[in-house]
Amino acid sequence: MPKEYKTPKLDDLEKGPWPSFVKEIKQAAKNNEMSNDLLAVLERSYDERIGHWKHGGIVGVMGYGGGVIGRYIDIPDEYPNISHFHTMRINQPAGWFYTSEALRSICDIWEKHGSGLTNMHGSTGDIVLLGTTTDELEPTFQDLAHVGFDLGGSGSDVRTPSCCVGEARCEWACYDTMGVCYETTMRYQDELHRPAFPYKWKFKFAGCPNDCVAAKARADISVVGTWRDAIKVDDAEVATYYDNGMDIFNDVVLNCPARCMKFDHESKKLEINNADCRRCMHCINAMPKALRPGDDKGATILIGAKAPIIEGALLSSVLIPFLKMEDEEEREAWYDIMEEIQDIWCEEGKNRERIGEFIQRVGMANFLEAVGVEPIPEMVAYPRDNPYIFFEQDEEEE
Amino acid sequence: MAMTKDQIAEEMYKAVAEAQEVGKKLKPMDLTKQMVKAYEDEGVDKKMCKAAIKDLVDSGRLVYTYFGGSFLELPHKEGASND
């Protein structure tokens with residue numbers, strides 16, 4: 001029978017209408033000493049306002065440099081059951097589709113080797129298994145491999161690529177996100193398991209500009225579905241929205257960031273100047289029965305986003321405005337550019353410098369020249385704000 | 001004369017061991033740059049270094065560590081570890 005700890009502060013977190021992680025840890029604690037001690041340490045940290053975890057180290061599985069995050073408690077004598085409390089990141093299936101059997105297998109393995117606590121899913125998208133000892137890492141890895149799961153990324157490597165559900169469930173998907181995510185995961189197996197970069201590198205695949213995986217805000221390379229022909233308009237459905245009381249002028253036309261739409265109240269027709277459209281999806285989200293993305297679909301490749309860890313947050317910039325994703329040759333060309341970028345980043349990047357920070361440091365123009373990509377207007381994130389413009393010698397002569 | 005993958009792996013092992021003696025940690029990327037710079041004329045390139053690192057880690061002679069970034073080190077009992 002696990003030792004019973006008093007946890008008044010944690011008990012408070014169970015109150016209210018929302019699901020509580022405390023309830024789940026308590027549930028696990030009934031059969032698991034690790035989860036039980038975890039409750040006690042958490043309560044103690046709330047009392048003392050001190051975290052008791054040490055992070056990092058050499059723990060891992062044989063041959064891999066990622067997928068395990070070492071954690072030790074700084075008061076092991078008092079909480080021997082969580083003296084080690086390592087996290088394992090497991091590569092999730094593309095789009096997070098599982099069978100019940102697969103989920104049961106993962107949980108059974110984790111109850112056998114670890115605390116039984118999981119985080120489905122971590123912010124990168126991996127299955128996160130919380131709390132085990134160094135001795136249990138290799139057996140867990142072997143058991144997971146037998147049911148078809150592999151470790152994900154951690155440290156200075158390619159992090160586990162993730163994608164939205166894409167064409168599997170979403171009518172807006174402009175390419176097969178799950179297919180490209182899987183292809184990228186398999187191509188980058190070496191870089192995923194053996195860290196060789198200055199810092200982490202994240203790929204995220206979103207099927208449309210709604211960007212349900214928040215790629216543009218946090219991935220080093222975002223592949224965001226888009227289209228390059230006209231938005232498809234169903235005039236009869238536009239009229240139905242209007243007849244049902246929708247304020248198309250205020251809620252759609254005036255909210256368009258490009259102001260590229262006109263609505264005529266008499267004819268109940270919506271006119272779109274597609275040359276100015278920014279593919280933001282706002283109008284399509286507002287009138288999904290009347291508007292749809294065009295037929296010439298593909299993806300925009302963006303580079304350089306990151307969440308604030310060492311430096312501040314960065315949003316990504318356009319690298320390739322349009323790529324036909326079902327065209328294998330175009331995809332190959334994109335993979336070649338990725339390799340070129342990673343080579344230059346490895347050569348010139350500083351320790352713990354994300355690719356977005358590297359681009360900021362060397363300048364987008366120098367970066368593009370180094371990777372052999374022609375600059376184009378779509379890459380301009382905002383107009384320059386200094387008056388000094390430098391031309392190359394040959395441009396001056398022209 | 002061209003160097004083999006095993007020879008470069010040996011050089012890498014020595015470089016990591018020497019660095020560790022003076023309390024320095026080497027990143028795989030730094031180790032690769034160091035080797036390519038020293039032995040480029042003998043046919044050593046990034047690809048060969050990558051394969052050599054894989055061999056060293058797969059054999060357990062070197063291990064990956066994480067301290068705010070990923071490093072290569074000789075296996076040792078880490079300071080943070082609880083018995």
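**Warm-up: a residue in a loop**

Find the loop that holds A:R49 and say what its phi looks like.

Step 1. Look between α3 (33-48) and β1 of chain A: A:R49 sits in that loop. Helices (H or I, at least four residues) and strands (E, at least two) are DSSP runs, numbered from the N terminus.

Step 2. Check the backbone: phi of A:R49 is near 60°, a positive value in a residue other than glycine. Most residues other than glycine have a negative phi, and most peptide bonds are trans.

A word on the ground rules: this is a predicted model, where local features need pLDDT of at least 70 and side-chain atom pairs count only at pLDDT 80 or more, while totals for chains, interfaces and linings use all residues. Residues are numbered from 1 along each chain as its sequence is written, chains are lettered from A and ligands numbered from 1 in the order in which they are written, and side-chain values use heavy atoms, with hydrogens and water left out.

**Exercise 1: the four-stranded sheet**

Work out the strand order of the open sheet of four strands in chain A, then see what packs on it.

Step 1. Walk across the sheet: the order is β2-β4-β6-β5 (chain A), and the pairing is antiparallel. Two strands count as paired if DSSP finds at least two bridges between them.

Step 2. Spot the edges, which are β2 (68-69) and β5 (114-120) of chain A, each pairing on one side only.

Step 3. Zoom in on β2(A): two bridges tie it to β4 (residues 87-90) of chain A, and A:V68 has A:M88 as its bridge partner there.

Step 4. Add the helix. α4 (residues 100-113) of chain A packs on the sheet and touches β4, β5 and β6 (127-132) of chain A; contact means heavy atoms within 4.5 Å. The direction of α4 makes about 140° with that of β5(A). Axes are lines fitted to C-alpha atoms, for helices over the stretch in contact, and angles run from 0 to 180 degrees between N-to-C directions.

Step 5. Don't miss the loop between β5 and β6 of chain A, the home of A:H121. The peptide bond from A:M120 to A:H121 is cis, with omega near 5°.

**Exercise 2: where the chains meet**

Describe the interface of chain A and chain B.

Step 1. Count residues: 30 of chain A are in contact with 26 of chain B.

Step 2. Get the area. The two chains bury about 2,300 Å² between them, 51% of it on carbon and sulfur atoms. Buried area is the accessible area (1.4 Å probe) that two parts lose on being put together, summed over both. On the chain A side, A:G57, A:I58 and A:R194 lose the most, together 24% of what that side buries.

Step 3. Look for charges: there are four salt bridges, a salt bridge being a side-chain nitrogen of Lys or Arg within 4 Å of a carboxyl oxygen of Asp or Glu. A:D190 makes a salt bridge with B:K50, with the closest N and O atoms 3.6 Å apart.

Step 4. See which elements of chain A take part. β1 (53-55), β3 (71-73), α7 (189-193) and α12 (328-348) each supply at least two residues, and the largest share, three residues, comes from α12(A).

**Exercise 3: a hairpin in chain B**

Trace the hairpin made by β1(B) and β2(B).

Step 1. Four bridges join β1 (residues 63-66) to β2 (residues 70-73) of chain B, running antiparallel. B:T65 stands opposite B:F71.

Step 2. Three residues lie between the strands, and B:G68 in the turn has a positive phi of about 75°.
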